[in-house]
Amino acid sequence: MKMKMSWMGLVLGLVLLISVSSDAQPEGYNHPVNCCFKFTTMKIPESEILKIVQTDSHCPVPGY
């Protein structure tokens, strides 16, 4: 019985170690965080623009 508990502890410890050290992420490994999916065609006054950021090269539609 004692040997069985030791093996169970070892197996659970290894599973925990593997799951903690895994590179798996909910959004995927090389998935870009910020992508634009909607764009406007109207002219925006320069005084209203606070910041311009280029989208990630992995986004489905380039934006800049």
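Select Cys35 and Cys59: a disulfide joins the two, with an S to S distance of 2.1 Å. The model on screen is a predicted one. A search of the whole structure finds one disulfide, and this link of Cys35 and Cys59 is left-handed, with -90° about the S-S bond. The pair ties together distant parts of the chain, 24 residues apart, with both Cys35 and Cys59 in the segment after α1. In general, a disulfide is a covalent bond between the sulfur atoms of two cysteines.

Now colour the two cysteines by accessibility. Which of them is buried? Cys59 is buried, because its relative accessible area of 9% falls under the 20% cut-off. Cys35 has a relative accessible area of 22% and is partly exposed.

Next, zoom out to the whole chain. Its secondary structure comes to one helix and zero strands. Of the 64 residues, 6% count as buried. The accessible surface comes to about 6700 Å², and 63% of this surface belongs to carbon and sulfur atoms.

Return to the segment after α1 and select Thr55, which is found there. Is Thr55 buried or exposed? At 14% relative accessibility, Thr55 counts as buried. Measure from its C-alpha atom to that of Cys35: the separation is 5.9 Å, for two residues 20 apart along the chain. Then show the surroundings of Thr55. Which residues does Thr55 contact, leaving aside neighbours within four places in sequence? They are Asn34, Cys36, Val61, Pro62 and Gly63.

Step back one residue to Gln54, also placed in the segment after α1. Gln54 counts as exposed, at 55% relative accessibility, whereas Thr55 counts as buried. From the C-alpha atom of Gln54 to that of Cys36 the distance is 9.8 Å, with their positions 18 residues apart along the chain.

Cys36 is the next selection. This residue lies in the segment after α1 and, at 33% relative accessibility, counts as partly exposed. With neighbours within four places in sequence left aside, Cys36 is in contact with Thr55 and Val61. Both of these contacts can be displayed together with those of Thr55, whose list includes Cys36 and Val61. Add Pro62 to the view: its C-alpha atom is 7.8 Å from that of Cys36, and the two residues are 26 apart along the chain.

Finally, move to helix α1, which spans residues 2-21, and select Met3 within the helix. Met3 is exposed, because its relative accessible area of 58% is over the 50% cut-off. What kind of surface patch does Met3 belong to? The patch is nonpolar, formed by Met3, Trp7, Leu10, Val11, Leu14, Val15 and Leu17. Select these residues and show their surface: together they have about 730 Å² of accessible area.

To close the tour, show two selections at once. One is the nonpolar surface patch that includes Met3 and Trp7. The other is the disulfide of Cys35 and Cys59, with Thr55 added; the C-alpha atom of Thr55 is 5.9 Å from that of Cys35.

Definitions and conventions:
Residues are numbered from 1 along each chain as its sequence is written. This is a predicted model: local features need pLDDT of at least 70, side-chain atom pairs count only at pLDDT 80 or more; totals for chains, interfaces and linings use all residues. Side-chain values use heavy atoms; hydrogens and water are left out. Patches are made of residues with over 30% relative accessible area and no salt bridge: like charges are joined within 9 Å, nonpolar side chains (Val, Leu, Ile, Met, Phe, Trp, Tyr) within 5 Å. Accessible areas come from the Shrake-Rupley method with a 1.4 Å probe; for residues, only the protein chains shown count as cover. A salt bridge is a side-chain nitrogen of Lys or Arg within 4 Å of a carboxyl oxygen of Asp or Glu. Helices (H or I, at least four residues) and strands (E, at least two) are DSSP runs, numbered from the N terminus. Buried means under 20% relative accessible area, exposed over 50%, partly exposed in between (1.4 Å probe, protein chains only). A disulfide is a pair of cysteine sulfur atoms within 2.5 Å. Contact means heavy atoms within 4.5 Å.
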